[in-house]
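Dear colleague,

I am handing over the structure we spoke about, together with an account of what was found in it. Please look at it first, and then read the notes below alongside it.

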Amino acid sequence: MTTYRVAEAAELLGVSDDTLRRWVDAGRLSATIEGGRTVVPGRELAALAESLAEHPDREQTRAAAVSARNRLSGIVTRVVRDTVMAQVDMVCGPYRMVSLMSAEAADELGLEPGVRAIASVKSTNVVVERP
């Protein structure tokens with residue numbers, strides 16, 4: 001049976017290690033100890049991931065009013081501006097996301113390296129917003 005360490009499972013679900021541990025403590029996900037490390041069963045993790053995808057908590061985020069459902073929280077790593085456009089590079093977990101937007105939009109959002117942002121992906125467009 002495939003198992004995942006807490007940090008791996010949290011990364012796969014896009015939550016913090018602490019959140020995953022709270023879910024284990026609350027019985028939302030089972031865990032065992034293997035080789036001195038807490039691990040969760042892959043099948044249970046997959047079922048929880050599917051449940052979260054089907055019934056996300058959209059009340060906590062702006063996503064309840066946005067049609068884009070693929071939202072990746074991350075950090076801005078680079079912003080290249082000219083007089084009209086800006087290229088915004090982000091790292092969202094293991095993913096590198098690049099968005100092209102107006103320089104005015106990047107300025108209004110205060111995008112610069114080190115700023116937290118959310119990449120909302122819909123079709124071929126990446127929409128960047130501040131949390």
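**Helix α1 and its two sides**

In helix α1, which spans residues 6-13, the residues V6, A9, A10 and L13 are buried. Seen down the axis of α1, these buried residues fall within an arc of 100°, and they therefore line one face of the helix. On the other side of α1, E11 and L12 are exposed. The helix is followed by G14, whose phi is positive, near 75°. Please keep in mind, here and throughout, that this is a predicted model.

**The chain as a whole**

The secondary structure of the protein chain comes to four helices and eight strands, and, read along the sequence, these follow the pattern β-α-α-β-β-α-β-β-β-α-β-β. The chain has 131 residues, of which 30% count as buried. Its accessible surface comes to about 8500 Å², and 50% of that surface belongs to carbon and sulfur atoms. If one takes the contacts between residues at least 6 apart in sequence, 41% of them join residues that are at least 24 apart.

**Salt bridges**

A search of the whole structure finds five salt bridges, and I describe some of them here. One of them joins R71 and E129, whose closest N and O atoms are 3.2 Å apart. This pair links distant parts of the chain, with R71 in strand β4 (residues 70-81) and E129 in strand β8 (residues 125-129), 58 residues apart. The two partners can also be described by their accessibility: R71 counts as partly exposed because its relative accessibility is 22%, whereas E129 is buried, with a relative accessible area of 9%.

E129 has a further partner, since its side chain makes a polar contact of 3.4 Å with the side chain of S120. S120 lies in strand β7, residues 116-122, and, at 1% relative accessibility, S120 counts as buried.

A second salt bridge to look at is the one between R78 and D89, where the closest N and O atoms are 3.4 Å apart. R78 lies in strand β4 and D89 in strand β5 (residues 85-92), so this pair ties together parts that are eleven residues apart in sequence. Here R78, at 40% relative accessibility, counts as partly exposed, while D89, at 4%, counts as buried. The side chain of D89 also meets that of R96 in a salt bridge, at 2.9 Å from N to O. Salt bridges that share partners thus join R78, D89 and R96 into one network. Within this network, R96 counts as exposed, at 58% relative accessibility.

**A nonpolar patch on the surface**

Which residues make the nonpolar surface patch? The patch is made by V84, M85, V98 and L100, and it covers about 370 Å². One of these residues, L100, lies in strand β6, residues 95-102. L100 counts as exposed because its relative accessibility is 63%, the cut-off for exposed being over 50%.

If you open the model yourself, the places to find from these notes are the buried face of α1, the pair R71 and E129, the network of R78, D89 and R96, and the nonpolar patch that includes L100.

With best wishes

Terms used: Residues are numbered from 1 along each chain as its sequence is written. This is a predicted model: local features need pLDDT of at least 70, side-chain atom pairs count only at pLDDT 80 or more; totals for chains, interfaces and linings use all residues. Side-chain values use heavy atoms; hydrogens and water are left out. Patches are made of residues with over 30% relative accessible area and no salt bridge: like charges are joined within 9 Å, nonpolar side chains (Val, Leu, Ile, Met, Phe, Trp, Tyr) within 5 Å. Accessible areas come from the Shrake-Rupley method with a 1.4 Å probe; for residues, only the protein chains shown count as cover. A salt bridge is a side-chain nitrogen of Lys or Arg within 4 Å of a carboxyl oxygen of Asp or Glu. Buried means under 20% relative accessible area, exposed over 50%, partly exposed in between (1.4 Å probe, protein chains only). The arc is that of the directions from the helix axis to the C-beta atoms. Contact means heavy atoms within 4.5 Å. A polar contact is a pair of N or O atoms within 3.5 Å; within protein, one must be able to donate a hydrogen and the other to accept it, and residues adjacent in sequence count only if both atoms are side-chain atoms.
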